[in-house]
Each structure stands twice: as structure tokens, then as C-alpha cells.
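Welcome, and please have a look at the model below. A short tour of its ligand site and its cysteines follows.

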Amino acid sequence: MNNRQPELFSRHKHNPILTAADWPYSVHTVFNPGATLLPDGTTLLLCRVEDRRGLSHLCAARSANGVDNWQVDPQPTLPADPEHFPEEIWGIEDPRITYVPELGKYAIVYTAYTRDGPGVSLAVTKDFHEFERYGVIMSPEDKDAALFPHRVNGQWLLVHRPVSAPRAHMWISYSLDLRHWGDHKLILEARHGAWWDANKIGLSPPPIETPQGWLVIYHGVRQTPSGCIYRLGLALFDLREPERCLKRTDEWVFGPEEIYEQRGDVDHVVFPCGATVAPDGDTLRLYYGAADSNISLATGSIRAMLERLDEKK
Ligand code: BMA
């Protein structure tokens, strides 16, 4: 009898699907993309691009099928703007995109690399050509943040990951205007000790709304003598009270196994910032940075993820 649980994610056979070699200008690496579907069904990835100084900016890549034939913008789509936003002095990283119907705009929540570490910044756009920047909405040290697609109980919600060294947990905060945030609540704690998600966790793609609750894919960081290992787990939060965690997997559901995930600028990292849902309403396409060096794709079934969470009593 085979008691092995089936894998929840399958890697695309052409991984990595995007690398620095696909860029129309000189860059060092491309990784950790935010993702969204445009109204015509085009997949847009907003990729973190590290230049040859070591600083990052964001650049859009578009594809009709979300897998290949990417059209990459000929220059940075959203460069850091330290002249007007001094907190962006060392670049901008790891965007999470949420389409917000009430605004008719996409909200991009990203890491601003300040002199005092990472902070959370927000920009909104209608078309990924022009952007309105809100500046820093969570001061350093904080990152791994995303906006929910609509208000809950009249308020906007942001998941984020402040650091209280050496541990870092996931929090939620509320706002009426997207600028002023409060009512901060701890929603998911890093575990202790030997666990795969001990000490440091953070949101990966933005929360996914399902009839059973907000499905959250989060990353956990295992510190080992030879460096960190970044893996993914699942959690489910109440639809009307998103600060209430209903379920969480004990085991990780995706981790670095392939050579392009295990070897790169930072070894043993899978780090998704975006996902799209296929027209069947179930197939999740998870776009992730592998080893901080390339962009890869894995697909999974939302229904299967919810079933896995249900197995946890
Ligand atoms: C995290 C973030 C990610 C990066 C990961 C692994 O803290 O900085 O951008 O992919 O570390 O280096």
C-alpha cells in the first residue's frame, strides 16, 4: 500500500520559464515576480530584476498563454525613484499585485530597500505604464505584504511581515484610505525549534478568495549550518474575519528540489510573489523565483489545496 500524499504542485517542464537571457537590456538576474491576468487574458508578470550593481527594479513581461513568448518591456517598467521616494535608495523588490475592482486599478505592494532595511510601499496603476506611488505604508523592518482585493467590513486589509528579530510573523492591518494603517493583529506565527517554518515566515502570493476562506500560500525559512531553505506551506483564514486562522498545514507543500531551485545566487529558495487562476476556476499557476536567479512556474489545484488543509484536524 502506498501512503504517500500526492504532490500538490507540478513544475512546468520548460522551467525556468524566464531568465536574464530573455531581457532586452543588461541585467544580472530576474526572479520573485508578481502576477496578474489582464482583461484580455494576457498574463502579466512584474518581475524583480537585479541589475549589475546589485540593486533591483521591476519590469513587466507579458504572455498570451502565461508560459512562453514573453514580451518584456524594453526598459524598467517601475524603476526605483530615490529622488522623490528616498526610501527606495537601494532599489525595489518582490511585488505582489492585487486587482481592486472598487478602484478599477491594480495595487502593487512591494519592498522598498531603505537605509534601515526593507519597508513596504504601495503603488497603483490602471495599465502598468503609469503608476501612482503612495510611498511607504509600513516602516522598516517589514516586507512580504499584499492588499486584499476588496474591503472587508468597510476596511481595506493588508497582510505584512514585520520583524522582531530573531523571529518574524505574519500580521494584518486595516485602513480606510490605503494610507493610514492600524488595528494591527498577529495572524500567523512562525513555529519554534526544528520545524521547517521556525523563526521566520511570510506571505507569498496575495491571499486567494475561495468559498471556504482566504487561501494563503506562505513561505517558511529553515536556518541550517549551510544557509537558509525557503519552502511553502498553506493556511486558511476566515472570509469575514480574515485575522482568524482556520487551518494550517504542518508539512511544507513545495520546496527547492530541482537544480535551478537549489543552485543560484541564493541556494535552496523557492519564492513566489504571484499566482493566477485559470478559466476553470481551480488551476493555480504559481510563478516563483528559484534560487534568486530565475523565474519558474508550478501549477496546482485550489480544490486539492483546500482538501489538504481539511485533513488537518
Ligand atoms: C527573502 C527576500 C526574497 C529572497 C529571499 C531569499 O528575505 O529577500 O527577496 O528571494 O530572501 O534570498
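How many Å separate a polar side-chain atom of R48 from an oxygen atom of the ligand? The distance is 2.7 Å. Please keep in mind as you read that this is a predicted model.

R48 has company around the ligand: the surrounding residues are N32, R48, D94, K143, Y230, V266, V269, F271 and D292. By type, this shell splits into 4 nonpolar, 1 polar and 4 charged residues. As for location, the ligand occupies the second largest pocket.

Here are the polar side-chain contacts to ligand oxygen atoms, side by side.

| Residue | Distance from its polar side-chain atom to a ligand oxygen atom |
|---|---|
| R48 | 2.7 Å |
| D94 | 2.5 Å |
| Y230 | 3.1 Å |

How much of the ligand does the protein bury? On its own the ligand exposes 310 Å², and the protein buries 84% of that.

Now to the cysteines. In general, a disulfide is a covalent bond joining the sulfur atoms of two cysteines. In this model the count of disulfides is 0. C47, for instance, takes part in none, and its nearest cysteine sulfur, belonging to C59, lies 6.7 Å away. The cut-off for a disulfide is a pair of sulfur atoms within 2.5 Å, so the 6.7 Å between the sulfurs of C47 and C59 does not qualify.

Is C47 buried or exposed? C47 counts as buried because its relative accessibility is 0%. C245, by contrast, has 31% relative accessibility and therefore counts as partly exposed.

Technical notes:
Residues numbered from 1 in each chain as written. Predicted model: local features only at pLDDT ≥ 70, side-chain atom pairs only at ≥ 80, totals over all residues. Heavy atoms only, no water. Near = heavy atom within 4 Å. Polar contact = N/O pair within 3.5 Å; in protein donor to acceptor, adjacent residues only side chain to side chain. Areas by Shrake-Rupley, 256 points an atom, 1.4 Å probe, with all protein chains shown as cover. 1 Å grid on protein atoms, 1.4 Å probe; cavity = no way out; pocket = protein on both sides within 12 Å on 5 of 7 lines; lining within 4 Å. Sits in = over half its atoms within 2 Å of the grid points. Nonpolar A, V, L, I, M, F, W, Y, C, P; charged D, E, K, R; others polar. Buried < 20%, exposed > 50% of the residue type's maximum accessible area, 1.4 Å probe, protein only.
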